[in-house]
Amino acid sequence: MPQIVVEDLVKTYRVSERAAGIWGALRGVISRREREVHALAGISFSIEAGELVGYIGPNGAGKSSTLKILSGILVPDSGRCSVLGRTPWEERLAHVAQIGVVFGQRTQLWWDLPVIESFSLIGEIYRVKSQLLQKTLNDMIELLDLRSILDVPVRQLSLGQRMRCDLAAALLHSPPILFLDEPTIGLDAQAKLAVRDVVRGLNRERRVTVILTTHDLDDIEALCSRVILISSGKILFDGALDALRTKISPDRHLIVDLVEENAVPEDCEARLIHKDGHRATLAFDPRQVSAAELIARITKRHPVRDLFVENPPIEELIATLYRSEAS
Amino acid sequence: MLLQYRVAALAGFVTQIFWGLVRMMVVEGFYSASSASPLITLEQAVTYIWLGQGFFRMIPWTADQEIVQKVRDGSVAYDLVRPMDLYWAWYCRALAMLSAPTLMRAAPLLTIAWSFFGLQKPASLAHFLAWLPSMGLGLLLSAAIVTTVSLSLFWTISGEGVSKLLPAAVWMFSGMVVPLPFLPDRLRMILELLPSSSIIDTPFRIYMGQYTPEQFMPHILLQAFWTLALVLLGKAALARGVRRLVVQGG
């Protein structure tokens with residue numbers, strides 16, 4: 001029995017529009033044009049306990065709408081949704097006690113209170129027993145390295161510190177399910193790594209189910225075994241990250257730094273896709289030719305200073321997918 | 001660190017005394033110039049005015065500004081993902097915001113008004129004992145009004161409209177500007193039935209003895225009725241509002 005089931009969710013927003021300028025404003029008083037925006041046009045998926053799912057898509061694709069519906073704070077126009085056997089928006093109170101939510105762009109901590117007081121307040125709201133709260137809190141302080149900032153008012157925290165605190169706050173009641181809406185937005189590399197470590201740890205060690213939306217595909221690559229890709233309210237892909245690669249383009253890239261600047265490495269089973277000074281990038285299909293074989297052939301023909309193989313950046317894959325979907 | 005709060009409290013206090021004196025003089029002017037026989041005596045009117053100054057902060061002036069902000073920028077989402085009844089959470093906020101400044105201000109102001117400016121003692125011990133619960137109900141009602149107004153933001157988002165209308169309505173109809181006993185009979189009788197008079201007018205008139213002990217019960221019951229009605233209205237509005245709520249922002 002999957003933990004989260006979503007069937008055919010539809011959500012349409014009405015956006016009222018008015019033309020710019022004073023005449024537009026005046027006309028808007030008399031007749032208002034409304035446009036329907038289909039945020040979700042029939043989304044279905046199911047998630048088992050302990051999965052770590054990356055939910056990706058361009059801005060306005062419907063990622064946040066889905067998470068808001070799953071969190072019980074948005075009611076869809078139609079469709080079915082069940083989380084731990086409950087319909088989120090119908091049994092909101094029972095539902096939200098079982099989930100942790102982080103909206104990366106906002107904070108749930110009290111702006112003027114020291115972090116630790118926000119934590120105790122949240123513990124009270126979730127009615128966590130004080131012994132258990134203390135234990136969870138100690139774990140979180142350890143895991144997220146919060147000790148030095150516990151007494152600082154939230155308004156004085158840096159974004160990275162705040163995000164770590166928000167993550168801790170969402171976990172104080174030990175929820176079995178965690179929804180993270182862009183948890184790494186605006187963070188520097190180190191803070192991103194810290195957030196990823198915690199999410200990975202929770203998923204591996206405590207079998208917490210995680211759905212994570214992000215624009216940072218490194219997050220996906222580092223964390224998620226499964227990717228759901230949506231665009232314009234429809235699911236374009238649902239499966240393993242590797243499968244996504246194979247589906248769109250199985251190519252891998254061999255990057256070669258040549259000794260001679262003018263040499264052009266060629267091979268019948270690889271395409272030269274980029275050449276910049278000494279550096280050449282070749283695309284090849286690993287099902288046709290193994291990387292080792294290709295490297296052997298090229299190094300035989302050209303003196304090579306350095307080389308490495310990489311997967312094409314996932315941004316590129318997704319851009320390809322969007323293009324093929326649009327056409 | 002808390003200096004600014006203390007200065008603000010003191011400044012508010014002085015303003016309150018000043019306005020109390022001005023209003024007192026206006027009323028004295030009325031009484032010396034008018035030949036009609038008013039519903040209440042000058043002493044009672046002065047008492048009404050000073051009580052009004054003392055409990056000034058108990059009036060539902062505006063929606064909860066923090067909630068206004070939350071609904072506008074969408075951080076109300078976090079209130080909704082917590083396992084708490086949003087109505088009572090917001091109601092308690094309103095209650096705290098109304099009662100804290102009132103408690104701080106009322107006792108010293110009323111002491112000064114009683115010592116120097118003609119505030120009278122409660123009409124009798126019975127009046128005093130009825131005044132306490134009546135005042136409490138007024139506070140509970142006021143919090144229910146603030147919460148209902150905050151909830152109306154689910155529909156209007158900006159809250160500009162209600163924020164402008166509400167003070168005008170409560171100024172006029174609560175007895176804060178002109179004590180309700182001064183109003184023309186027909187208007188007064190209508191207002192006495194409306195929730196606005198249940199906030200401060202009813203307890204004040206009990207305190208100064210305009211209502212006789214037989215009249216206590218109906219008036220206090222009316223206050224309780226309006227409090228309950230507004231709480232139920234607010235809860236119903238919340239249930240509907242949450243279903244149609246669009247959390248603003250991505």
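Good morning. The largest cavity in this structure has a volume of about 40 Å³. The model before you is a predicted one, and the cavity is where I shall begin.

How many cavities of 30 Å³ or more does the count come to? The count comes to one. Its lining draws on both chains: A:Ile99, A:Gly100, A:Val101, A:Gln108, A:Tyr126, A:Ala170 and A:His173 stand on one side of the list, and B:Val81 completes it. Strand β5 of chain A, residues 99-103, gives the most to this lining, with three residues. By class, the lining of the largest cavity holds five nonpolar and three polar residues, and no charged ones.

I turn now from the cavity to a pocket. The second largest pocket has a volume of about 610 Å³. Its lining consists of 23 residues, and those nearest the centre of the pocket are A:Leu109, A:Trp110, A:Trp111, B:Glu66 and B:Lys70. Which elements supply at least two residues each to this lining? They include α4 of chain A, residues 115-125, and, from chain B, α3 (65-73), α4 (76-80) and α5. The largest share, four residues, comes from α3(B). In terms of class, the lining of this pocket has 10 nonpolar, five polar and eight charged residues.

One of the elements just named, α5 of chain B, deserves a closer look. This helix covers residues 86-116, and I shall take three of its packing partners in turn.

The first partner is helix α1 of chain B, residues 3-33, which packs against α5(B) at an angle of about 40°, with the axes 11 Å apart. That angle makes α1(B) oblique to α5(B). The crossing of these two helices is right-handed. On the α1(B) side, the residues in contact are B:Ala9, B:Gly12, B:Phe13, B:Gln16 and B:Ile17, and they meet B:Met104, B:Arg105, B:Pro108, B:Leu109 and B:Ile112 of α5(B). The residues of this contact divide into seven nonpolar, two polar and one charged.

The second partner is helix α2 of chain B, residues 42-54. Here the angle with α5(B) is about 150°, and the axes lie 8 Å apart. Angles over 145 degrees count as roughly antiparallel, and α2(B) and α5(B) are therefore roughly antiparallel to each other. From α2(B), the residues B:Trp50, B:Leu51, B:Gln53 and B:Gly54 meet B:Thr102, B:Arg105, B:Ala106, B:Leu109, B:Leu110 and B:Ala113 in α5(B). This contact comprises six nonpolar residues, three polar and one charged. Please note B:Arg105 and B:Leu109 of α5(B): they take part in the contact with α2(B), and they also appear in the contact with α1(B).

The third partner is helix α12 of chain B, residues 213-244. Its axis and that of α5(B) come within 10 Å and cross at roughly 130°. That makes α5(B) oblique to α12(B). How is the crossing of α5(B) past α12(B) handed, left or right? The crossing is right-handed. The contact is made by B:Leu86, B:Tyr87, B:Trp88 and B:Tyr91 of α5(B), together with B:Leu230, B:Val231, B:Gly234, B:Lys235 and B:Leu238 of α12(B). By class, these residues are seven nonpolar, one polar and one charged.

To close, I return to α5(B) once more. This helix packs with α1(B) and with α2(B), crosses α12(B), and supplies at least two residues to the lining of the second largest pocket. Thank you.

Definitions and conventions
Residues numbered from 1 in each chain as written. Chains lettered and ligands numbered in written order. Predicted model: local features only at pLDDT ≥ 70, side-chain atom pairs only at ≥ 80, totals over all residues. Heavy atoms only, no water. Axes fitted to C-alpha atoms, helices over the stretch in contact; angles between N-to-C directions. Parallel < 35°, antiparallel > 145°, perpendicular 65-115°, else oblique. Left-handed = near helix turned anticlockwise from the far one by under 90°. Contact = heavy atoms within 4.5 Å. Nonpolar A, V, L, I, M, F, W, Y, C, P; charged D, E, K, R; others polar. 1 Å grid on protein atoms, 1.4 Å probe; cavity = no way out; pocket = protein on both sides within 12 Å on 5 of 7 lines; lining within 4 Å. Points joined across faces, edges and corners; volume = space filled by probe spheres on them.
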